[in-house]
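Notebook open, model loaded. I want to go through backbone oddities and then the packing.

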Amino acid sequence: MEHPTAEHARLAESPGVLGAWRTWGPYLSGRQWGTVREDYSADGNAWDSFPFDHARSRAYRWGEDGLGGICDRFGFLNFAVALWNRKDPILKERLFGLTNGEGNHGEDAKEYWWSIDGTPSHSWMQWLYRYPHAEYPYSELRAQSAARGRDDREFELGDTGILAENRFFDVQMTYAKASPDDVCIVVDVTNHGPESASVDVLPHLWLRNTWSWGRDTRGGSIRDITNGLLVSGLAAVEVEHGFLGRYFLAGESNPELLFCDNESNLVDLFGEEANLSAYTKDGIDRYVVAGEDTVNPDGVGTKAAFFYRFDDVEPGGTRRIRLRMTTTVPDSETFGSGFDAVLADRHREADHFYDHVIGPELGEQDRHIARRAYAGLLWCKQLYRYDVNQWLEGDPVGAHAPDSRSGPKARNASWSHLSLADIVSMPDEWEYPWFAAWDLAFHAIPLAHVDPDFAKEQLVLMCREWAMHPNGQLPAYEWEFGDVNPPVHAWAAWQVYRIDGHRDRSFLVRVFTKLLLNFSWWVNRKDAEGSNLFEGGFLGMDNIGLFNRSDPLPPGFRLEQSDATSWMAFYCQQMLKIALELARYDSAWDDVATKFFTHFLSIANAVGSFGSAHTSLWNEEDGFFYDVLVQSNGEALPMRVRSMVGLLPILAATEIHPWVAEECPDLMSRFRWVARRRPETISPMLIRNSGGKVKTMLSLVEPDKLRRILERMFDSEEFLSSFGIRSLSASYRDGMTMDVDGRSLSIGYEPGESRTGMFGGNSNWRGPVWFPVNVLLADKIRAYGRYYGDTFTIEVPTGSGNVVTLREAANIIERGLADLFRTVNGKRPADGDRIESSDDPLWSAHPTFNEYFDGDTGEGLGASHQTGWTALVAHLLNPSLPSHQR
């Protein structure tokens, strides 16, 4: 088979997770410290259990971290760069940020770095880090953040002034594979300041510590082989590992080689009498920074560094380091002409690949946005190792489990089956270096444009027996796998199938059969009264309610949620859509489609009529959907707060195509039976004649309700911003208060960072624009537009007199999202007034993809590298995606 580009050929050559070209990639975490996996504390405080200050001296149990690094698919051998500006108190080996208790808006990275480029086989990768000339201000960042309240802006590295006049080094990492096991590496260090400055650069290679915990005896070693080489001018090490076998790393220019062991410094950390190794994990750090005799003079260990000293790098000057990791002994050809040819070829092939993926129709600015989005998405692929049963038990040696982990209330105690050692798409390499189920579903959409096989594997992985709970629940995130994320998996599976050309039905079958279990879990566990009105907790929208919706309610109370019910109606329709597609090729799926058709009608009729406490989720006076709190005395109280939860009923809208009438007899038979026997229940099935063609749509929202909701959604005084749809109505700028069970509860429009500590206070659903729900809303408004055609028009903004069709309204939402990253008067709205908004090309060339965006200004907020679901911007910009469903 002929492939359109060399990169497509590599992907075809390595289709699965164990494919050769996928062996090495950017799988090394941006942060391992402060994660639940490394928490062996009695109180379960992961941030305090393994803080940043321990990371240089303490061996990790489950993974590793580093700057712009790579590792093998199992995380045994790791490579990254370390830096020292001859002023810092420690080597810069990993990204620094504040813990939840230290930051005024929750955990927050205090660094500047960018994913520059990358291909899905990782044959070509570039990553950029900005390193100050001056001493890194660890203490100032902590002190200033501790002194600020939630009403204050975050204090960032740029606010310290140490980057003024561009007094920093840019350190760019470039990786190019000559073959799956032959990686050419370039480290370019450029001084952008006005004066000469010195810097030490230490590319590191180390083995993850698997031998200290009493479970895995496979060890390894790294030793100096420089003197045995048949070529001069190089330094080289040989790696021997019980699983990987033998690798070599060579570096030009005869750097000094430093060796220690990836073992904890127990004496310094915990005051113990002796260490397991004379040369502990921090040995290289202490040797370089303090001049201590802490590296192994015998040239052997499990951690090694190539020590390059660069004195007085002139302004604008660059120092280049070339290294190569292979399975063959370094020789005269290691850094011959073939080395640079590999870099040039892979760069050219990456350009060719993205010319094919993105297409020539986009302008230069949008192409740059899309390619950077893909780069960030690919660099956020990380190795995630976590065996909950082993973690609960503790290890035979070393990291013993505290007594608190033995009880039923221990974190993730009911998820002891979960055992992952997989490459997973992470939301953010530093702030969220763990998967989240609904985030991952959105990641799969843009991933499908560049690597559909990986996108499909990600969706299937969450449904596998070592991830999905035996009861059918999908794992939420490592802090509490049992929390509930919105059920978007089926929608994502359909979108990936569609982007991949409607060709991989086996993928649909695999994911669909597992989602049948998940759907049953929702029905059995989140519909307490069997009313078809659902509960669900926070459902990913952390602080959107008057109170924490994940906290237990008082005995006898129940919260029937507009969003949970809408998500389930949406889930029904996506499952119906997949079942219908499968039924075209195997009639056995016809009656499964019938099941979801019937179930959707039940939910739609429950929403359309009165709920279990004779109070509807729909409020006719306000023209909006609300959560309803059913109290112990049977009375119901609508939570009359206009938020995203009241917009989500729009999502339950799916077209039924004409071929269904001919190819799905069981479904049509059921429809005719319901229409004849229970005609009052089929109102959610909309049917209209358009130009002699019959159009059919299942919709949770009938036309008059849809219009009233859209009037609020597109009202600039409520939900419509210049950059998408806000998560809370801006009409609450002055706040609003409700009496709930004798308590006075308040909520107010907060367009930016969270002002509450709910869910850690590091995200906010009380006003900002969030990418995933905006993409879903636009997708479904466009579906309504296909059904109604030009017969249904609305004003955007409401009251402006500007009348548009629904398809045009969907385009307005998507255009607003893309405009976050487009320059206006030389500035991107997402950059706000931070240092990133500088017109200096050193800053302006690098868009940052945030977690969410200010509802008024569009400034990027929350996690600063969440190129997971925010990479959906590449999906929106992609001109090759069909604009219609099959």
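**Backbone, then cores**

I started at Asp 312, which sits in strand β16 (residues 303-313). Strands here are DSSP runs of E, at least two residues, and helices are runs of H or I, at least four residues, both numbered from the N terminus. Note to self: this is a predicted model, where local features need pLDDT of at least 70, side-chain atom pairs count only at pLDDT 80 or more, and totals for chains, interfaces and linings use all residues. Residues are numbered from 1 along each chain as its sequence is written, and side-chain values use heavy atoms, with hydrogens and water left out.

I looked up phi for Asp 312 and got a value near 50 degrees, positive in a residue other than glycine. Buried or exposed, this Asp 312? Exposed, with a relative accessible area of 52%; the cut-offs are under 20% for buried, over 50% for exposed and partly exposed in between (1.4 Å probe, protein chains only).

Next I checked Asn 825, in the loop between α20 (806-819) and α21 (841-844). Its phi is near 55 degrees, again positive and not a glycine, and Asn 825 is exposed at 79% relative accessibility.

I also found a cis peptide bond from Val 796 to Pro 797, omega near -5 degrees. Pro 797 is in the loop between β32 (793-795) and β33 (803-805).

Then the cores, meaning sets of buried Ala, Val, Leu, Ile, Met, Phe, Trp, Tyr and Cys residues joined through side-chain atoms within 4.5 Å. The largest nonpolar one has 189 residues, and Leu 710, Phe 714, Phe 771 and Ile 781 have the most contacts inside it. Helix α14 (residues 562-583) gives the most to this core, 14 residues. A second, separate core of 68 residues includes Tyr 247 and Trp 843.
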